[in-house]
Amino acid sequence: LYGIAQAQDKINVTGKVTDQANEELPGVNISVKGTQMGTISDAQGNYTLSVSPNSILIFSSIGYEATEVSVDNRT
């Protein structure tokens, strides 16, 4: 039952990682703060993660400053 409840507490978050010039950024590490969960953006900068609604995502890539973004129940 615990595993089922935990799965229901997850939301799918999708997005596209871009730089300041709005250029797509492939290969960016997107991790969930405080966990071992994460993914890497694809060739077009897209990513999808299943996370808790109150998670904080950390975006990091060589040559860029790491950025933390709160999910705040957004998908």
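Let's start in the middle of the fold: isoleucine 30 is in contact with Val17, Gly38, Thr39, Ile40, Ser41, Tyr47, Leu49, Leu57, Ile58 and Phe59, once its neighbours within four places in sequence are set aside. Please keep in mind that this is a predicted model.

Isoleucine 30 sits in strand 2, which covers residues 29-32. Is this residue buried or exposed? With a relative accessible area of 1%, isoleucine 30 is buried, because the cut-off for that class is under 20%. One of its contacts, isoleucine 40, is ten residues away along the chain, and the C-alpha atoms of isoleucine 30 and isoleucine 40 are separated by 5.8 Å.

**The overall plan**

Stepping back, the protein has one helix and six strands. Along the sequence, these elements follow the pattern α-β-β-β-β-β-β. Of the 75 residues in the protein, 23% are buried. The accessible surface comes to about 5200 Å², and carbon and sulfur atoms account for 49% of that surface. If you look at contacts between residues at least 6 apart in sequence, 44% of them join residues at least 24 apart.

**The sheet**

Four strands make up an open sheet, in the order 3-2-5-6, and their pairing is antiparallel. Which strands stand at the edges? They are strand 3 (38-40) and strand 6 (67-70); each has a single partner strand, so one side of each is left without a neighbour in the sheet. On average, neighbouring strands of this sheet are turned by 20° against each other, with direction ignored.

Strand 5, residues 56-60, runs antiparallel to strand 6, and four bridges join the two. For a landmark here, take isoleucine 58: its bridge partner in strand 6 is glutamate 68. Isoleucine 58 is also among the residues that isoleucine 30 contacts.

**A buried serine**

Another contact of isoleucine 30 is Ser41. Serine 41 belongs to the loop between strand 3 and strand 4 (46-51). Its relative accessibility is 5%, so serine 41 counts as buried. What does the side chain of serine 41 reach at 2.8 Å? It reaches the backbone oxygen of leucine 25. Leaving out residues up to four places away in sequence, serine 41 touches Val17, Leu25, Pro26, Gly27, Val28, Ile30, Asn46 and Tyr47. Val17 and Tyr47 also appear in the contact list of isoleucine 30.

**Two asparagines with positive phi**

Most residues other than glycine have a negative phi. Against that background, have a look at asparagine 22 and asparagine 73. Phi of asparagine 22 is near 65°, a positive value in a residue other than glycine. Phi of asparagine 73 is likewise positive and near 65°.

Where do they lie? Asparagine 22 is in the loop between strand 1 (11-16) and strand 2, while asparagine 73 is in the segment after strand 6. Asparagine 22 counts as exposed, at 59% relative accessibility, and asparagine 73 counts as exposed too, at 53%.

The table sets the accessibility values of the four residues side by side.

| Residue | Relative accessibility | Class |
|---|---|---|
| Isoleucine 30 | 1% | buried |
| Serine 41 | 5% | buried |
| Asparagine 22 | 59% | exposed |
| Asparagine 73 | 53% | exposed |

To pick up the thread from the opening, isoleucine 30 in strand 2 has contacts that include Gly38, Thr39 and Ile40, and strand 3 spans 38-40. Its contacts also include Leu57, Ile58 and Phe59, and strand 5 spans residues 56-60. In the sheet order 3-2-5-6, strand 2 stands between strand 3 and strand 5.

Terms used
Residues are numbered from 1 along each chain as its sequence is written. This is a predicted model: local features need pLDDT of at least 70, side-chain atom pairs count only at pLDDT 80 or more; totals for chains, interfaces and linings use all residues. Side-chain values use heavy atoms; hydrogens and water are left out. Two strands pair if DSSP finds at least two bridges between them. Axes are lines fitted to C-alpha atoms, for helices over the stretch in contact, and angles run from 0 to 180 degrees between N-to-C directions. Buried means under 20% relative accessible area, exposed over 50%, partly exposed in between (1.4 Å probe, protein chains only). Contact means heavy atoms within 4.5 Å. A polar contact is a pair of N or O atoms within 3.5 Å; within protein, one must be able to donate a hydrogen and the other to accept it, and residues adjacent in sequence count only if both atoms are side-chain atoms. Accessible areas come from the Shrake-Rupley method with a 1.4 Å probe; for residues, only the protein chains shown count as cover.
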